[in-house]
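Please look through the model shown here, and then follow the account below, which moves from the packing of the interior to the ligand and to some details of the backbone.

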Amino acid sequence: MTNTNLVQQLYEQQPYPVPPTDMSDFVNGQMFPAGSPKDYFHLYWPDKPFRQDLEILIAGCGTAQATEFAITNPKAHITAIDLSSRSLEHTKMLLEKYNCSNVTLHQMSLELVGTLGQQFDLIICTGVLHHMPDPDVGLVVLRECLKSDGRLLAMVYATYGRTGVYMFQEYCRLLGVTWAPGSCEQMRQVLKQTPADHPIVSLAKRTHDLLSDAGMADLLLHPQDRAYTVGQLMQWLDDCGLGFERWLMQAPYLPRCCVLAQTPHMTKLNTLPMDQQYAAVELFRGNIHIHTFIASALQSPSVINWETDQWKTLVPIRMRGVTVQTENLPAGALASLQQAGHLFPVASVLLTQSNVAMYQAIEQGVTLGEISKKHPQTRDFFKMLWDFDQVFFRRA
Ligand SMILES: C[S@@+](CC[C@H](N)C(=O)[O-])C[C@H]1O[C@@H](n2cnc3c(N)ncnc32)[C@H](O)[C@@H]1O
């Protein structure tokens, strides 16, 4: 059996994620899928006017993702592909249940997506490329069906944070454990006895995957997966003709947003190019187990230049997922801001008497240049909010 067939067999037997039946939180706006363009349009395209009629490809949609995007982006046209007929059948049921008519489903392998003859504004491919026999082939195929100004949102496994997973995958191979009925429950009993300082423990606390058979199979009994360090990820994109635009959530990769900022190394870290700063933080944290990033086929990514006056043309947009806490604050703080989308601990941003008016100016929909007429700290404050995933920008 080829590796692709083994992967397909896994997801026929254990469709992933555990097939949901209730999507009402997506209907009522309580939840939104990671990277939804309705919420993040200008994170992908700071320079373009907002539009909703996007052509979206969801490559390896699993059981839920296509419906999540269809509900939350009703004016987009979504093409969703997957190897697993059971995942697609479940998706079809959900689409009918929620009256979504904006999705076309295909059972096919990602390698063949070019045969659809379509070009997409946005491709979502989370948790898929690292299961392909040759992820380079998958990435090149996706790049080839991106429009010239299209964007790819992808998630792949990260090496260091999955160290314990690979140890347990090897353990399962040694014992011949498969995803046969009953074996996941046995694994659960074994995992309960894992020593507290085993490398899998911190990940086990952060993932729901060990609670379900589908999650357990996906995590520990997968016939094929690989992971990337930050350096390998950047090289992979380069090799496949894509440019790194940004992390979906960037604060977990920035030295200034974690405790490294309080160490003597911060000065040195600040002198490194950005991809080396990300790599250093990945090594320092040790627990990043997935990388979720935006890439494009552009020659030079649309990076914000804070060193010229370019920042003055930016209009800040509050990012979804920000929580405001007003209790148990340090002296002088009026509120503390956290981004719920962070999987890894990030320092909170404090609002004080000196910056709260700048923060409130976000609601006015004006440029940073306008805000800076009254507030000389505008550039530094909004660069901080941006670093910490509190805001993103559209260009006026
Ligand atoms: C871990 S699940 C992720 C599902 C979804 N993207 C999400 O984030 O919830 C991986 C999915 O990719 C599909 N898949 C794996 N390899 C694929 C391939 N070569 N072509 C198409 N789909 C694939 C599997 O069938 C499975 O449904």
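**From the core outwards**

Leaving aside residues up to four places away in sequence, Ile78 touches Ile56, Ile58, Ala66, Phe69, Ala70, Asn102 and Val103. The model is a predicted one, and Ile78 is a useful place to enter it, since it belongs, together with Ile56, Ile58, Ala59, Ile123, Cys125 and Leu152, to the residues that touch the most other members of the largest nonpolar core, a set of 78 residues. This core draws at least three residues from each of domain 1 (3-159 + 225-296) and domain 3 (309-395). A second core, separate from it, has 17 residues, including Leu10, Tyr16, Cys184 and Ile200. In soluble globular proteins, nonpolar side chains tend to be buried together.

The division of the chain gives a frame for these cores: besides domain 1 (3-159 + 225-296) and domain 3 (309-395), there is domain 2, which covers residues 160-220. The centres of domain 2 and domain 3, taken over C-alpha atoms, are separated by 40 Å.

How is the ligand surrounded, and which residues are the closest? The shell comprises 22 residues, of which Tyr11, Gly60, Gly62, Leu110 and Gly127 are the closest. Helix α1 (3-13) and strand β2 (77-82) each supply at least two residues of this shell, and the largest share, three residues, comes from α1. Sorted by class, the residues around the ligand are 10 nonpolar, 10 polar and two charged.

Helix α3 (residues 37-44) offers a case of an element set into its surroundings: six of its eight residues are buried, so this helix is largely enclosed by the rest of the structure. The buried residues in question are Pro37, Tyr40, Phe41, His42, Leu43 and Tyr44. What covers them includes the strands β4 (120-126), β5 (146-157), β7 (290-296), β8 (314-318) and β12 (391-395).

Two packed helices are described by the angle between their axes and the distance between the axes. For helix α11 (residues 230-239) and helix α13 (residues 274-285), the axes come within 8 Å and cross at roughly 145°. Val230, Gly231 and Met234 make the contact on the side of α11, while α13 contributes Asp275, Tyr278, Ala279 and Glu282. By class, the residues of this contact between α11 and α13 divide into four nonpolar, one polar and two charged.

Some details of the backbone remain to be described. Tyr16, already named as a member of the second core, is joined to Pro17 by a cis peptide bond with an omega of about -10°, and Pro17 lies in the loop between α1 and α2 (24-27). Asn99, although not a glycine, has a positive phi of about 50°, and is found in the loop between α5 (85-97) and β3 (103-107). A positive phi, near 60°, also occurs at Asp389, a residue other than glycine, which lies in the loop between α16 (378-387) and β12.

Are these two loop residues, Asn99 and Asp389, buried or exposed? Asn99 is exposed, because 10 other C-beta atoms lie within 10 Å and the cut-off for an exposed residue is 12 or fewer. Asp389, by contrast, has 26 C-beta neighbours inside 10 Å and therefore counts as buried, the threshold for that class being 20 or more.

Notes
Residues are numbered from 1 along each chain as its sequence is written. This is a predicted model: local features need pLDDT of at least 70, side-chain atom pairs count only at pLDDT 80 or more; totals for chains, interfaces and linings use all residues. Domain bounds come from an automatic or database domain assignment. A residue is near a molecule or strand if its C-beta atom, placed from the backbone, lies within 6 Å of it. Helices (H or I, at least four residues) and strands (E, at least two) are DSSP runs, numbered from the N terminus. Ala, Val, Leu, Ile, Met, Phe, Trp, Tyr, Cys and Pro count as nonpolar, Asp, Glu, Lys and Arg as charged, and the others, Gly among them, as polar. A nonpolar core is a set of buried Ala, Val, Leu, Ile, Met, Phe, Trp, Tyr and Cys residues joined through C-beta atoms within 7 Å. Two residues are in contact if their C-beta atoms, placed from the backbone, lie within 7 Å. Axes are lines fitted to C-alpha atoms, for helices over the stretch in contact, and angles run from 0 to 180 degrees between N-to-C directions.
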